[in-house]
Amino acid sequence: MELFQLTAHELHKKLKSREISALELTQSVLGRISSVDGQVRSFVTVTNEIALETARAVDKQIAGGGDVSPLAGIPIAIKDNMCTNGVRTTCSSKMLENFIPPYSATVVEKLAEAGAIMVGKTNLDEFAMGSSTENSALFVTHNPWNLDKVPGGSSGGSAAAVAADEAVLALGSDTGGSIRQPAAFCGVVGMKPTYGRVSRYGLVAFASSLDQIGPITKDVTDTAILLGAISGKDSMDSTSVDIPVPDYTAALKNDVRGMKIGIPKEFFAQGVRPEISEAVMKAVEALKALGADYKEVSMPIMEYTLPTYYILAPSEASSNLARYDGVRYGHRSKHSSDVMSMFMKTRDEGFGAEVKQRIMIGTYALSAGYYDAYYLKAQKVRTLVRQAYDEAFEEFDVLISPTAPSVAFGIGEKANDPLEMKLADVCTIPVNMAGIPAMSMTCGFYDGLPIGMQIMGKPFGEETMLQVAYTYEQNTDHHTMKPGL
Amino acid sequence: MKLSKQDIEHVALLARLELSEDEKDSLTGRLNQIMEHFGKLQELDTSQVAPTSHSIPLQNVFRHDTAGRSMTPSDVVANAPESRDDQFVVPQVVET
């Protein structure tokens with residue numbers, strides 16, 4: 001095994017025992033990036049020099065004795081919508097193509113303090129709006145399992161980087177499935193924590209009531225480690241919640257005896273392919289064989305979540321993206337004569353088609369006379385979605401469903417069918433609306449492509465989810481499969 | 001209710017987006033398609049349901065009025081498309 005193939009917890013042991021140095025490990029990962037990223041194209045920016053410099057500093061610290069944090073010396077990729085002080089942060093948009101943040105996101109600061117090594121910034125659908133990373137204004141990222149397929153989105157670069165061993169860990173952001181769906185398509189573990197668990201300070205805002213940052217990793221243990229490192233109250237994000245951060249690795253128990261699993265049947269309808277349902281149910285049966293109990297449950301409100309999401313998210317986006325006006329940072333049109341034409345042309349030139357479409361939907365939904373019919377109505381439906389989850393969690397410890405209705409689709413296959421593309425998020429969207437946590441892990445393969453299983457948990461119930469996921473992983477071998485790059 | 005091209009032009013102005021004729025045409029089609037999809041929500045009676053703006057209860061956050069670390073003016077304008085003397089330069093806004 002090459003160093004770049006290992007997980008963070010495996011590498012931590014080697015670093016701690018000084019079997020390897022952070023510099024060797026970083027060089028191994030950077031070498032892997034230079035040999036495969038020409039094909040996969042996960043990275044918008046590779047931060048070679050910063051990575052090597054940080055690695056040397058970490059090695060010095062380790063040599064000096066003292067505690068070695070579980071993330072010290074571990075190479076990590078950051079989605080390019082999280083601000084990194086002095087390192088370009090593009091959101092894969094022409095609008096921010098040359099934006100160099102003067103500060104770092106809280107999660108980036110936390111990782112730096114833990115000694116993690118940032119190897120680069122990863123590609124995404126422009127402003128995180130999309131499900132395939134094809135909406136990046138910069139370039140398209142390819143699925144490491146089959147380069148003709150999409151990696152999913154919007155955190156497609158982060159998921160592809162971890163799957164291709166171009167990073168040991170990665171951070172993504174998830175507004176309607178943007179961590180879990182690419183994790184499913186790329187065969188890695190991805191978690192959207194509970195809303196408020198992780199600070200969003202320095203995350204470029206898309207839909208503020210839905211956005212959450214979370215880990216993308218090679219296995220469940222690494223998810224627990226990375227989640228612990230980024231969680232917690234932050235005075236810079238008033239929506240972060242002041243609930244103590246547990247040791248998530250303590251939840252990694254190979255035991256699901258007595259666990260009650262709900263199977264929400266609506267998540268197996270709405271265009272979910274039979275091979276996906278079969279693989280997920282096979283995984284549920286495996287959990288049953290290990291001592292869990294499962295039962296079908298009906299949540300009819302789920303039929304309404306897709307249109308509700310496509311009111312809420314664009315409305316909030318249209319408001320958040322009003323800041324791109326060509327004044328303080330980002331693109332400014334060179335063809336304007338007065339301040340109004342500067343705004344209008346700057347935004348026309350800087351935003352791509354999908355972003356403009358969502359700004360238009362949101363502006364319309366919030367405009368005078370339509371607020372009650374659209375945004376307020378959607379917020380009310382959101383209450384019903386949360387109630388449906390609350391009710392289900394009175395009976396069940398976790399809910400299990402497919403992460404996405406199909407395996408990764410072909411590049412270009414759905415580009416001209418916006419509604420079909422949005423269906424890719426049908427199983428993940430309800431989770432963001434309710435603010436609950438959920439994660440995706442591989443539960444099988446079809447046509448050489450990974451199938452994702454989604455585990456949903458109670459608010460701040462990440463530990464229960466991790467325990468179920470860990471038990472499944474310990475008793476199966478999907479996570480040991482690697483794409484043949 | 002169907003959106004006309006004039007509606008699209010009005011919304012684009014509100015959103016400060018200068019759209020080409022092609023974009024206006026394609027957006028008129030696409031927005032109508034998406035709005036039709038939204039119509040499904042009218043099936044639900046929500047007259048007795050309170051709206052949820054955030055999934056967790058949010059409260060006002062107060063802190064003591066003490067000075068903290070902040071950026072220098074030159075850091076603040078470093079990304080500006082045009083700046084002068086640590087200030088943002090924009091086209092003339094006020095008539096002389």
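How many cavities of 30 Å³ or more does the structure hold? The exercises below begin there. The model is predicted.

**Exercise 1. Count the cavities and describe the largest.**

Solution.
- Step 1: the count. There are 4 cavities of 30 Å³ or more.
- Step 2: the volume. The largest cavity holds about 70 Å³ of space.
- Step 3: the lining. It is made of 14 residues, and A:Ala128, A:Gly130, A:Ser178, A:Tyr309 and A:Asp425 lie nearest the centre.
- Step 4: the classes. This lining has 5 nonpolar, 7 polar and 2 charged residues.

**Exercise 2. Describe the two largest pockets and the residues that line them.**

Solution.
- Step 1: the largest pocket. Its space is about 610 Å³. Among its 18 lining residues, the closest to the centre are A:Tyr103, A:Tyr201, A:Met236, B:Arg69 and B:Ser70.
- Step 2: the main contributor. Helix H4 (residues 106-113) of chain A gives the most to this lining, with 4 residues.
- Step 3: the classes. The lining of the largest pocket counts 5 nonpolar, 7 polar and 6 charged residues.
- Step 4: the second largest pocket. Its space is about 510 Å³. It is lined by 25 residues, and nearest its centre lie A:Cys83, A:Tyr103, A:Leu203, A:Arg323 and A:Tyr329.
- Step 5: its classes. Here the lining has 15 nonpolar, 4 polar and 6 charged residues.
- Step 6: a shared name. A:Tyr103 is listed near the centre of the largest pocket and near that of the second largest pocket.

**Exercise 3. Characterise the interface between chain B and chain A.**

Solution.
- Step 1: the contacts. On chain B, 48 residues touch 64 residues of chain A.
- Step 2: the area. The size of an interface is often given as the accessible area lost when the parts come together. For chain B and chain A, the buried area is about 5,200 Å², with 69% from carbon and sulfur atoms.
- Step 3: the top three. B:Glu18, B:Leu41 and B:Asn79 supply 12% of the area that chain B buries against chain A, more than any other three residues.
- Step 4: the polar side. Between the two chains there are 4 salt bridges. One of them joins the side chains of B:Glu18 and A:Lys345, at 3.2 Å, N to O. Polar contacts link 19 residue pairs across the interface, both residues at pLDDT 80 or more.
- Step 5: the elements. Helix H1 (5-14) and helix H2 (21-38) of chain B each give two or more residues to the side that touches chain A. The largest share, 9 residues, comes from H2(B).
- Step 6: the classes. This side of chain B has 31 nonpolar, 9 polar and 8 charged residues.

**Exercise 4. Find a salt bridge that links distant parts of chain A.**

Solution.
- Step 1: the total. Over all chains, the structure holds 22 salt bridges.
- Step 2: the pair. The side chains of A:Lys482 and A:Asp165 meet at 2.9 Å, N to O.
- Step 3: the placement. A:Lys482 is in the segment after helix H15 (462-474) of chain A, and A:Asp165 is in the loop between helix H5 (156-163) and strand E4 (169-174). They are 317 residues apart.

**Exercise 5. Locate two backbone exceptions in chain A.**

Solution.
- Step 1: the background. Most residues other than glycine have a negative phi, and most peptide bonds are trans.
- Step 2: the peptide bond. From A:Gly153 to A:Ser154 the bond is cis, with omega near 10°. A:Ser154 is in the loop between strand E3 (117-122) and H5 of chain A.
- Step 3: the phi angle. A:Arg41 is not a glycine, yet its phi is positive, about 60°. A:Arg41 is in the loop between helix H2 (22-40) and strand E1 (43-46) of chain A.

Key
Residues numbered from 1 in each chain as written. Chains lettered and ligands numbered in written order. Heavy atoms only, no water. Contact = heavy atoms within 4.5 Å. Buried area = accessible area lost by both parts, 1.4 Å probe. Polar contact = N/O pair within 3.5 Å; in protein donor to acceptor, adjacent residues only side chain to side chain. Nonpolar A, V, L, I, M, F, W, Y, C, P; charged D, E, K, R; others polar. 1 Å grid on protein atoms, 1.4 Å probe; cavity = no way out; pocket = protein on both sides within 12 Å on 5 of 7 lines; lining within 4 Å. Points joined across faces, edges and corners; volume = space filled by probe spheres on them.
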